[in-house]
Amino acid sequence: MIRILYVDDSPFDRALVRDALEREAEGFELTEAATREELEAVLESGARFDLVLSDFNILGMTGLEVVRRIHHTYPRVPVILVTGTGSEEIAVQALKAGASDYVIKQPNHIRRLPQTIHATLEMQAARLERDDALRELGASEFRYRLLAEHSADLITRLDRSGYVLYASPAVSTLLGLTAGEMEGSPLTTHVIREDREVVADLVTRAGTPGSVAFPAQFRLEHSTTSEIRWMEATGRAIEADASPSGSWELQMALRDISDRKRMEESLEQHRARLEEAQRLEAVGRLAGGVAHDFNNLLTVIRSSAELILEGLPSDHPLRLDAEEISRASARAGELTRHLVLFSSGDVAPTRETDPVPLLEETLGLLRRSLPSRIALETSVPESLPALRTNPARLQQVLLNLGLNARDAIEKEGSIRVTVEEIPAREYLGNWTGTDRPVEDAMLLAVRVTDTGSGMPPHVRSRVFEPFFTTKSMDRGTGLGLASAFGTVRQAGGTILVQSEEGRGSTFTVLLPVSPAFEATPATGPVTEDTNPEAADPEAAEPEGASPGPSGL
C-alpha cells in the first residue's frame, strides 16, 4: 500500500485524483488536506507518507511553499505538483525548488497519475540508494580504516614502475590470488587491457608534485573466473624518507564499486527510456495539433480545385493545373493522416483478431515483394491468442517493417520474422509505450530481423520521429515508422529496436493479447527457410513507408 498525502482545495480535483488512484490494482492510501491548517495538522501528527501530491495554488499557500514545507518535515519524500493547464513554466520552477515531477490537471494526464507515481517512487528509491552509497563512500576515508589486514578493500603499495610491493589479504577475494602471487608483479597485469593506460597514468601523476591522481577508477580481472570488477582507487604518494621501503612508493586502497556501477548504469538507462517516452509524447501532441489545423486548410484547397474542375471543359489549358492542385492536396492529406495516426488522434475501430491468418497473408504479400537475392525465413506457431486491434493497420505496420528490412539489404541477405507469446515481465524494463502492462500479462512478440546495414546510435534513437529519414526525398517521407509506432501504441503495445551499424536490425512489435478469445488453429505451421522468385514484383508498398537503413 502506497501512502499518499494530497494537498488541494478543490473538491472536484480531489475527486478526480481519488478516482484515478482507486482504479489502480495495487492500491493507494490517500490522506487529503484542503487548507493550510489541515496540512499543518497532518504534518504535526507525525504521519508517514511515501509521496505527496500538491496543487500549485491552495488557500493561503503556493505550491512552492508546499514543496519547501513538505521537504522540511519529510526530506526524503518526493513531491509531485498537480498544476492547471498553462502553468508549465511555474511547474518547472517548482521542479527546480525540489519537486520530483508535475502532472497537468487534465483527465488524460490524471488517468496516467498511477504510472507517474510508480515511476517517481522508483527513481526516488534509486536516487536515495545512490546518495546513501556515495555518502558511505565519502565517510570511509582511507586514512581512517582499520588495519589493512582486516579491510575488505584491497590495500596495495606500488613502486615508481607500478610493481606491487604489498597486497592485503583482500586480493584473494577480489582476484583469486594470494598476496605473495600478486607482490612483485606489475599492477597492470591484473587490469583489463582497456584500462592499463589509466593505471600507468595514475602512477605517473601520483609522482608529479601538484598533480591530482585520486580518485581513479579502473577494472580488474579475476585470475580464475575472468570476472570483471570495477575498482575505485584512493591513496597518496609517500616520499622515500617516510616510506617503509626507504624509497618512493604509492599507497592505495582499492574499493570494489561494481554494484554501484551497475546501479548507476541502470539508473541512466531508466532515465534515457523515460526521456525517450516523454520526447515522443511531446512530438506526438505537436504533430497532432498541426495535422488537424493543416487538414482544415487542405479541405478548402481540395474542394476549390474540384469546383474549378467541374466548371472547366476538358480541353481548357488550366485544367491540368487544377488537376495537379487536386492531386497534391490529396497527397498532403495522406501525410496529415499519418501525423494524426502517430499522435494517436485517429483511433481506428478495433476487433478481436486471430493473428495467424493475418500473419500468413502479410508474409505472403511480403514474400512477393522481395527479390530473389533476399531469403525470407518465418516461424509462426499453429495457433496464437487473439489481439484486439485494427487488422488492416496492423498488417500495414508489419509490411512496413518488412519492406524497410528489404531496403536495408544492399546485396544478398535474409529477413527473419518470428512470432511467439511471451510474459510481459521480460520487457517491462525496456518498455517505451504509454501504457505499461502488468507483470503477469502476456504479450504477442513479432520480431523482424534483417542482415542489412544496421543503424548507428544517433539514427536508432530517432527512428520513430515524424519526417526523420535517411532516404532521399523521392524515396520516403519519414512517416512510415512514426505511423507504425502510433498504430501499435493505440493497441496498447510498443515497438523496440535493436541495431548496430553493419550488423543488421531487429524491430520487435509487442502487443497485449486478448485472453477472452479462442483463436482458431491454422492448418499447419508457417515456417519457410527459402525465398522463391517474387511472384508479384509490382506489389504495392504500404502507405507511408519510408524505407532506409534498417527501417528508415
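I started with Ser 226, which sits in the loop between β10 (216-221) and β11 (228-238); helices (H or I, at least four residues) and strands (E, at least two) are DSSP runs numbered from the N terminus. Ser 226 shows a positive phi of about 60 degrees, though it is not a glycine. I have it down as partly exposed because its relative accessibility is 43% (buried is under 20% relative accessible area, exposed over 50%, partly exposed in between, with a 1.4 Å probe and protein chains only).

A note to self: this is a predicted model, where local features need pLDDT of at least 70, side-chain atom pairs count only at pLDDT 80 or more, and totals for chains, interfaces and linings use all residues. Residues are numbered from 1 along each chain as its sequence is written, and side-chain values use heavy atoms, with hydrogens and water left out.

Next I looked up His 190, in the loop between α8 (179-182) and α9 (196-206). His 190 counts as buried because its relative accessibility is 12%. Leaving aside residues up to four places away in sequence, His 190 touches Leu 175, Leu 177, Met 182, Ser 185, Arg 219, Leu 220 and Glu 221 (contact means heavy atoms within 4.5 Å).

Last came helices α12 (residues 355-368) and α13 (residues 391-408), which pack at an angle of about 40 degrees with axes 10 Å apart. The axes are lines fitted to C-alpha atoms, for helices over the stretch in contact, and angles run from 0 to 180 degrees between N-to-C directions. In α12, the residues meeting α13 include Leu 358, Glu 361 and Leu 365.
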